[in-house]
Amino acid sequence: MNLPPDDSAVVARTRAARAVPAAVCTVAACLVVLALLGAGVRTHFGPQLRLDATVSAALYAGDHRAVALDDLLAVLTAPGLSWFRFVVFLPVLVLLLRRRAWWTAAWVVTAVGLIGPLNTLLKNYFGRVRPDFTQGGARLDSLSYPSGHSSGIATLVTVALVLAWPLMAGRARHWALAAGVLLVLLVGLTRMWLGVHFLSDVIGGWALGVGWALLTALLFGAFAEGRASLRPQE
């Protein structure tokens, strides 16, 4: 006896299939944003540079900020660091390997492990120096566009959401998405509060992180029940 298909299963598969074209469009949009802002940096596009300078001056917390504020900003900006991504995803990687989810593990390692070197290559290409304030500022020798912290946290959150999305439902997805967006915004803002990045550095970093995570997800098949997608165990 043949049973009719479960409506909920059909709806789930339909939504999963829609994720692929949505991800493709998002990757394209991220690449456009990254390229346009980068072109503005390379060509010293006046309106962009003036907006960057205005926002940076308005958000910079100052060189003589309280020690407590300095410590707080250091904590809030830490999720954008490479070691933080390593600590978060190491146990996830172990679980994936125990489940024999080889393609999923390969995707996570590629997306999370290569965003740092990719960001460095782009920084060297665009060659933008850090913000310069009369009293204080970055005082860093490294380059500025795109922001490594911003791209790192955007990659981490995007990979985590794509990875966990099939395992969640209803409000859990909404809360996870809201928490992820909040964390990405917060880390980006700390880079400007600390005076180490311009606005376009942060936005470019976000675009790079989200675009890279989704591009690798598409290539490895992390959507629509692909070979790297994670599904609940029976």
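Among contacts between residues at least 6 apart in sequence, 77% join residues at least 24 apart in this protein. The model is a predicted one. Its secondary structure consists of 8 helices and 0 strands, and the order of elements from the N terminus is α-α-α-α-α-α-α-α. Of the 234 residues, 41% count as buried. The protein exposes about 13000 Å², and carbon and sulfur atoms supply 68% of that area.

## The nonpolar core and helix H6

In soluble globular proteins, nonpolar side chains tend to be buried together. The largest nonpolar core of this model has 38 residues, of which Trp107, Val108 and Val159 touch the most other members. The elements that give two or more residues to this core are helix H1 (7-42), helix H4 (82-98), helix H5 (102-126), H6, helix H7 (171-193) and helix H8 (199-220). Helix H5 provides the largest share of the core, with 8 residues.

Which residues does Val159 touch, not counting residues up to four places away in sequence? They are Phe89, Trp107, Val108, Ala111, Val112 and Ala213.

Helix H6 covers residues 148-164. At 1.5 Å a residue, its 17 residues should span 24 Å, and its end C-alpha atoms are 24 Å apart, which agrees. Is helix H6 largely enclosed or largely open? Of its 17 residues, 14 are buried, so the helix is largely enclosed by the rest of the structure.

Thr158 is another residue of helix H6. Its relative accessibility is 12%, and a residue under 20% is called buried, so Thr158 belongs to the buried class. Leaving aside residues up to four places away in sequence, Thr158 touches Val210, Ala213 and Leu214. Ala213 is thus a contact of Val159 and also a contact of Thr158.

Leu183, in helix H7, has a relative accessible area of 27% and is therefore partly exposed. Its contacts, not counting residues up to four places away in sequence, are Pro79, Ile153 and Val157. The C-alpha atoms of Leu183 and Leu76 are separated by 8.8 Å, although these two residues are 107 residues apart along the chain.

## A network of salt bridges

Side chains of opposite charge can pair when their charged atoms come close. How many salt bridges does the structure hold? There are 2, and they link Asp52, Arg128 and Asp201 in a network.

| Salt bridge | N to O distance |
|---|---|
| Arg128 and Asp52 | 2.7 Å |
| Arg128 and Asp201 | 2.8 Å |

In the bridge between Arg128 and Asp52, distant parts of the chain are linked: Arg128 lies in the loop between H5 and H6, Asp52 lies in helix H2 (residues 46-59), and the two are 76 residues apart. In the bridge between Arg128 and Asp201, the partner Asp201 lies in helix H8, so the pair ties together parts that are 73 residues apart in sequence.

Are the members of this network buried or exposed? Arg128 counts as buried because its relative accessibility is 9%. Asp52 counts as buried at 2% relative accessibility, and Asp201 is buried with a relative accessible area of 0%.

## Loops and backbone features

The loop between H5 and H6, which holds Arg128, also holds Pro146. A cis peptide bond joins Tyr145 and Pro146, with omega at about -5°.

Two residues other than glycine have a positive phi value: His44, near 55°, and Arg100, near 60°. His44 is placed in the loop between H1 and H2, and its relative accessible area of 59% makes it exposed. Arg100 lies in the loop between H4 and H5. Because its relative accessibility is 61%, Arg100 counts as exposed.

## A nonpolar patch on the surface

Nonpolar side chains also appear on the surface of the model, where Trp83, Phe86, Val87, Leu90 and Val94 make a nonpolar patch of about 510 Å². One of these residues, Val87, is found in helix H4. An α-helix has 3.6 residues a turn, so residues three or four places apart point the same way. Helix H4 is also among the elements that give two or more residues to the largest nonpolar core.

Conventions
Residues are numbered from 1 along each chain as its sequence is written. This is a predicted model: local features need pLDDT of at least 70, side-chain atom pairs count only at pLDDT 80 or more; totals for chains, interfaces and linings use all residues. Side-chain values use heavy atoms; hydrogens and water are left out. Helices (H or I, at least four residues) and strands (E, at least two) are DSSP runs, numbered from the N terminus. The expected span of a helix is 1.5 Å times one less than its number of residues. Buried means under 20% relative accessible area, exposed over 50%, partly exposed in between (1.4 Å probe, protein chains only). Contact means heavy atoms within 4.5 Å. Accessible areas come from the Shrake-Rupley method with a 1.4 Å probe; for residues, only the protein chains shown count as cover. A nonpolar core is a set of buried Ala, Val, Leu, Ile, Met, Phe, Trp, Tyr and Cys residues joined through side-chain atoms within 4.5 Å. Patches are made of residues with over 30% relative accessible area and no salt bridge: like charges are joined within 9 Å, nonpolar side chains (Val, Leu, Ile, Met, Phe, Trp, Tyr) within 5 Å. A salt bridge is a side-chain nitrogen of Lys or Arg within 4 Å of a carboxyl oxygen of Asp or Glu.
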